[in-house]
Amino acid sequence: MAAVKLFYFDTPGRGELIRLVLAEAGVEFEDVRFKQEDWPKYKPEAPFGQSPFIEYNGKKRAQSVAIANFFARENGLYGANNLEAFRIDEVMGLMQDFFNFLVPVYMEKDPAKKEELRLAMVKNDAPRFFGFVLKLLQENGTGYFVGNKLSLADIIVYDMATQLRDVFSCDVAADFPEIKALVEKVSSNENIKKYIDSRK
């Protein structure tokens with residue numbers, strides 16, 4: 001029996017970071033994916049009526065960032081000290097702020113308006129936020145955001161960069177060579193690569 005059951009839509013969205021963290025940590029999990037029309041079936045189980053949520057140790061828990069943070073801390077992906085954890089929190093905050101710019105693009109139903117929003121995001125928001133995280137990556141000087149090994153910060157930047165590429169046709173990493181190198185490094189990580197291959 002899997003240690004964790006993750007409930008989320010059959011899309012990357014806010015659930016993919018949790019999947020990636022669990023995969024990297026080697027935590028066995030049941031990936032319960034559902035279509036939008038099936039959400040009413042699962043919603044009563046969600047602690048706050050929102051998705052994603054998990055079942056862990058017999059209890060339902062929610063909030064995507066809290067879930068990712070917990071499993072990162074439990075499995076050595078949250079830095080070696082409080083200052084490194086602070087830097088990880090900075091990167092997490094930046095990427096969560098950026099994600100809020102993606103939601104209106106994803107949810108827009110009118111094709112012309114959707115493309116208008118997407119182009120504005122590609123031109124303005126993506127370069128701005130990835131410029132911020134690039135400075136933090138350069139400041140550490142190891143190719144990772146903290147220390148010299150993979151952390152939650154690297155995983156969330158990988159997650160955002162690949163969602164931009166695959167869902168929003170915006171290969172932002174191509175404009176930032178050091179971020180591109182990080183994305184390639186994360187994607188070649190043994191546990192994450194195994195998870196990515198399992199999605200195909």
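These are my notebook entries on helix packing, a salt bridge, two backbone details and a surface patch in a predicted model.

**Entry 1, α1 against α8.** I began with helix α1 (residues 16-25) and helix α8 (residues 190-199), and found that their axes come within 8 Å and cross at roughly 130 degrees. An angle in that range falls outside the classes for parallel, antiparallel and perpendicular, and α1 and α8 are therefore oblique to each other. I also looked up the hand of this crossing, and α1 passes α8 in a right-handed sense. On the α1 side the contact is made by E16, R19, L20, A23 and E24, and these meet N191, I192, Y195 and R199 of α8.

**Entry 2, α6 against α7.** I then turned to helix α6 (residues 152-168) and helix α7 (residues 177-187), whose axes come within 9 Å and cross at roughly 105 degrees. Because angles of 65 to 115 degrees count as roughly perpendicular, I noted α6 as roughly perpendicular to α7. The residues in contact are D154, V157, Y158, A161 and T162 from α6, together with I179, L182, V183, V186 and S187 from α7.

**Entry 3, salt bridges.** My search of the whole structure returned 14 salt bridges, and I wrote one of them out in detail. In this one the side chains of R33 and D10 meet, with 3.4 Å from N to O. I placed R33 in strand β2 (residues 29-34) and D10 in the loop between β1 (4-9) and α1, so the pair ties together parts that are 23 residues apart in sequence. As a reminder to myself, side chains of opposite charge can pair when their charged atoms come close.

**Entry 4, backbone.** I checked the peptide bond from S51 to P52 and found that it is cis, with omega near 10 degrees. P52 itself sits in the loop between α2 (39-42) and β3 (53-56). I next looked at N57, which lies in the loop between β3 and β4 (59-62). The phi angle of N57 is near 55 degrees, and I marked this as a positive value in a residue other than glycine.

**Entry 5, surface patch.** Last, I asked which residues form a nonpolar patch on the surface. I found V103, Y106, M107 and V167, which together have about 340 Å² of accessible area. When I sorted the patch by element, its largest share, 3 residues, came from helix α4 (residues 82-107), and M107 is found in that helix.

Key: Residues are numbered from 1 along each chain as its sequence is written. This is a predicted model: local features need pLDDT of at least 70, side-chain atom pairs count only at pLDDT 80 or more; totals for chains, interfaces and linings use all residues. Side-chain values use heavy atoms; hydrogens and water are left out. Patches are made of residues with over 30% relative accessible area and no salt bridge: like charges are joined within 9 Å, nonpolar side chains (Val, Leu, Ile, Met, Phe, Trp, Tyr) within 5 Å. Accessible areas come from the Shrake-Rupley method with a 1.4 Å probe; for residues, only the protein chains shown count as cover. A salt bridge is a side-chain nitrogen of Lys or Arg within 4 Å of a carboxyl oxygen of Asp or Glu. Helices (H or I, at least four residues) and strands (E, at least two) are DSSP runs, numbered from the N terminus. Axes are lines fitted to C-alpha atoms, for helices over the stretch in contact, and angles run from 0 to 180 degrees between N-to-C directions. Angles under 35 degrees count as roughly parallel, over 145 as roughly antiparallel, 65 to 115 as roughly perpendicular and the rest as oblique. A crossing is left-handed if the near helix is turned anticlockwise from the far one by less than a right angle, and right-handed if clockwise. Contact means heavy atoms within 4.5 Å.
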